[in-house]
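Biologist: I'm new to this one and would like to talk about its pockets. Can you put it up?

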Amino acid sequence: MRFHEYGSGDAPAILLVHGMACTCERSFSPLIETLAQTRRVIGVDLDGHADDGTTFGSIRSQAAQIARHLRSCGITRLDACLGMSMGGFICMDLVCREGMAVGRFVYDSGYVRPLPFPRPFSHLVAWGFGKVAAGSDNPVAQLGMRWLMGYAFKPDQVCRTASYQSIYACEYSCMTYRLPDNLELLDAPTTTFFYGQREWAIRQGMQIVARRLPRMRQVCTGRFGHGELMFDHPAQYVPLMAQALLGPATE
């Protein structure tokens with residue numbers, strides 16, 4: 001796992017956690033430029049994604065490592081955190097199971113309900129991501145990834161250093177994840193869940209989370225697939241996420 005810091009070390013801290021088969025830079029570079037003007041921004045390259053010889057273990061292990069790093073830096077409270085996709089699971093564990101306090105909590109397409117047959121499904125997802133990363137025109141892989149992501153996922157959106165084993169472990173950890181018993185810690189208007197209309201599984205997951213967090217804001221970003229707004233439309237993505245993380249300009 002690698003950590004990156006931007007902005008002033010004396011400013012309130014914001015944590016950014018990327019999703020499966022991606023990196024901090026690929027996910028958040030335009031957003032970091034905005035946030036770092038007024039905040040200390042901490043980005044993570046998760047195990048198995050940083051080209052450092054590690055392999056992704058589990059959501060729990062990633063949250064525990066992040067918590068240790070933050071506390072070693074003297075951070076016991078985050079001004080805000082953003083978890084993209086699987087990063088949302090990790091941020092949930094960081095707050096609810098690792099006890100890290102947070103002011104604003106943002107899920108960007110950050111939860112799917114557990115699915116049946118997680119092992120074969122996870123193998124299929126790892127195979128599909130591998131084909132996309134290699135630029136394969138395999139029609140089965142392309143159709144499967146379009147069904148999964150809700151749009152045509154591109155090779156440059158995939159972290160090529162993420163191994164089959166790590167992607168499988170990421171997907172399996174998501175498919176078998178159980179919401180924390182104390183999830184209600186995040187029940188506040190400062191918690192926001194973003195989703196796209198084409199993210200069918202994410203919309204179902206959001207409804208489950210919303211039953212536990214009735215004060216959580218639910219924001220539809222438009223007719224987008226999974227990660228599409230972040231990757232392909234940064235001019236829309238950045239102000240949307242920045243406002244959720246920083247709050248209104250009057251605050």
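Biologist: Which residues line the second largest pocket?

Modeller: This is a predicted model. In it, the second largest pocket is lined by Arg104, Pro189, Thr190, Thr192, Phe194, Arg217, Val219, Leu240, Gln243, Ala244, Gly247 and Pro248.

Biologist: Which elements give two or more residues to that lining?

Modeller: Two strands and a helix do: β6 (191-195), β7 (217-220) and α9 (234-246).

Biologist: And which gives the most?

Modeller: α9 does, with 3 residues.

Biologist: How do the residues of that lining divide by class?

Modeller: There are 6 nonpolar, 4 polar and 2 charged residues in the lining of the second largest pocket.

Biologist: How much space lies in it?

Modeller: The second largest pocket holds about 160 Å³.

Biologist: Now the largest pocket. How much space is there?

Modeller: About 190 Å³.

Biologist: Which elements give two or more residues to its lining?

Modeller: Those are α4 (118-133) and α5 (139-149). Of the elements, α5 contributes the most to the lining of the largest pocket, with 6 residues.

Biologist: Which residues are they lined up from, overall?

Modeller: The lining of the largest pocket consists of Phe121, Leu124, Val125, Trp127, Gly128, Val140, Ala141, Gly144, Met145, Trp147 and Leu148.

Biologist: How many of those are charged?

Modeller: The lining of the largest pocket has no charged residues; 9 are nonpolar and 2 are polar. In the second largest pocket, by contrast, 2 lining residues are charged.

Key
Residues numbered from 1 in each chain as written. Predicted model: local features only at pLDDT ≥ 70, side-chain atom pairs only at ≥ 80, totals over all residues. Heavy atoms only, no water. 1 Å grid on protein atoms, 1.4 Å probe; cavity = no way out; pocket = protein on both sides within 12 Å on 5 of 7 lines; lining within 4 Å. Points joined across faces, edges and corners; volume = space filled by probe spheres on them. Helix = DSSP H or I, 4+ residues; strand = E, 2+ residues; numbered from the N terminus. Nonpolar A, V, L, I, M, F, W, Y, C, P; charged D, E, K, R; others polar.
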